[in-house]
Amino acid sequence: MMNSRIIGTGGYLPERVMSNQDLEKIVETTDEWIVERTGIKQRHIAAEEQSTCDLAEQAARQAIDAAGIAIDSIDMIIVATTTPDRVFPSTACLLQRRLGIHGCPAFDVQAVCTGFIYGLSVADKFIKTGASKRVLVVGAETMSRIVDWSDRTTCVLFGDGAGAVVLEASDQPGILSTHIHADGQYSELLHVPAGVSFHHAEFKSGKIGIQMQGNEVFKMAVNTLGRIVDETLQENGLDKSDIDWLVPHQANERIIKATAKKLRMPMERVVTTVQTHGNTSAASVPLALNVAVRDGRIQRGETLLLEAFGGGFTWGSALIKY
Ligand code: UT7
């Protein structure tokens with residue numbers, strides 16, 4: 001059976017930076033509170049005319065350049081997003097058009113903050129079965145469009161951005177395993193309580209945004225991520241000390257530190273971008289991966305553990321020989 005290897009990474013953050021001080025002018029909050037409770041100092045916000053697909057395209061092109069491949073050799077496109085450009089077609093189809101690719105399957109995955117791990121898992125399965133050879137997997141979000149900017153308990157957390165990888169079939173080790181889970185019974189703890197066919201009028205008014213029982217989500221995230229770390233190591237017969245880099249979902253520095261502690265990893269081996277990106281949902285893991293690949297921290301041959309937890313609840317991990 002073939003393996004799937006990451007042959008290129010890319011990332012894109014919109015130009016506009018919103019600092020905690022900027023937020024102090026919008027809601028009753030302080031830089032001190034946000035930094036102490038989350039680690040976040042700033043986040044990027046898409047320009048009015050920028051869509052999720054615009055962000056996705058930038059990240060995708062960078063990943064394709066890094067891979068050094070012809071765009072038309074991509075034979076599948078997966079976009080993980082909670083904030084698609086349109087109800088339909090999928091953002092993946094819109095991205096396919098931008099990239100000038102015709103005919104290959106293109107579809108979105110909706111698993112909120114775990115979306116990229118879901119996308120990676122699907123892509124890996126297609127490559128392992130021989131159905132695909134080169135898959136573009138993108139996590140892209142304009143979370144600023146679904147944030148309730150009057151709710152200080154959530155609006156300080158999120159940001160916009162996109163990250164991407166190109167996966168290729170290889171006889172060398174690459175993605176060693178992926179693990180994805182969901183439990184819909186917790187859907188009300190973190191959600192936008194309206195949509196196309198539910199509370200449609202409120203949805204159309206545009207007044208409904210992200211709602212979260214932060215404390216409950218926090219506890220569930222810490223416990224669940226601890227469990228998925230164990231599951232991933234166990235399945236691969238590895239020890240905690242075999243992991244070179246933890247590339248976690250960037251929701252809250254305190255959650256990241258709890259997972260690192262569980263892995264007995266010093267924070268120097270953990271990639272964190274939450275301070276400057278905020279929580280970019282499906283984009284957060286590929287953005288963090290891209291940062292650490294490009295600044296030279298992550299080297300070929302190293303073992304990476306990617307993990308995420310988010311609305312649904314959904315959660316997942318990927319163990320990668322980079
Ligand atoms: O990506 C998907 C997964 N998402 C997550 O994993 C997020 C999980 N949750 C969290 O990260 C944290 O729960 C938060 C950062 C959202 C909140 O931190 P917390 O330590 O759990 O705070 P809290 O919700 O218990 O609130 C503590 C206090 C409250 O005041 P009282 O009731 O103690 O008087 C809040 O009203 O902090 C208040 N508060 C704020 N104060 C200043 C809440 N938001 C703010 C704010 N600025 N922005």
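Where is the place of Lys 257? Select Lys 257 and you land in helix H9; helices here are DSSP runs of H or I with at least four residues, strands are E runs of at least two, and both are numbered from the N terminus. This is a predicted model, in which local features need pLDDT of at least 70 and side-chain atom pairs count only at pLDDT 80 or more, while totals for chains, interfaces and linings use all residues. Residues are numbered from 1 along each chain as its sequence is written, and side-chain values use heavy atoms, with hydrogens and water left out.

**Stop one: H9 and its partner**

Stay on Lys 257, which is partly exposed at 42% relative accessibility (buried is under 20% relative accessible area, exposed over 50%, partly exposed in between, with a 1.4 Å probe and protein chains only). Now add Val 270: the two are 13 residues apart in sequence, and their C-alpha atoms are 8.8 Å apart.

Next, show H8 (residues 214–236) with H9 (residues 253–262): they pack at about 30°, axes 10 Å apart. Axes are lines fitted to C-alpha atoms, for helices over the stretch in contact, and angles run from 0 to 180 degrees between N-to-C directions. H8 is therefore roughly parallel to H9 (under 35 degrees is roughly parallel, over 145 roughly antiparallel, 65 to 115 roughly perpendicular, the rest oblique). Their crossing is right-handed, that is, the near helix is turned clockwise from the far one by less than a right angle; anticlockwise would be left-handed.

For the contact (heavy atoms within 4.5 Å), pick residues including Phe 218, Leu 225 and Val 229 on H8 and Ile 255 and Ala 258 on H9. By class, there are 7 nonpolar, 2 polar and 3 charged residues. Ala, Val, Leu, Ile, Met, Phe, Trp, Tyr, Cys and Pro count as nonpolar, Asp, Glu, Lys and Arg as charged, and the others, Gly among them, as polar.

**Stop two: H3 and H4**

Jump to H4 (residues 91–99) and colour its buried residues: Thr 91, Ala 92, Leu 94, Leu 95, Gln 96 and Leu 99. These pack against helix H3 (52–67) and strands S4 (76–80), S5 (106–109) and S6 (134–142). Just after H4 comes Gly 100, with a positive phi near 70°.

Bring in H3: its axis and that of H4 come within 10 Å and cross at roughly 55°, so the pair is oblique. This crossing is right-handed. Among the contact residues are Cys 53, Ala 60 and Ile 64 of H3 and Leu 94 and Leu 95 of H4.

**Stop three: the cysteines**

While you're on Cys 53, check its sulfur. The structure holds 0 disulfides (cysteine sulfur pairs within 2.5 Å). For Cys 53, the nearest cysteine sulfur is that of Cys 93, 10 Å away. Cys 53 is buried, at 0% relative accessibility. Cys 155 is buried at 0% too, and its sulfur is 16 Å from the closest one, in Cys 113, so that is too far for a bond.

**Stop four: backbone oddities**

Select Phe 88 and Pro 89: the peptide bond between them is cis, omega near 0°, and Pro 89 sits in the loop between S4 and H4. Another cis bond runs from Gly 312 to Phe 313, omega near -10°; look for Phe 313 in the loop between S12 (303–310) and S13 (314–321).

Finish with Val 112, a non-glycine with positive phi, near 50°, in the loop between S5 and H5 (115–128).
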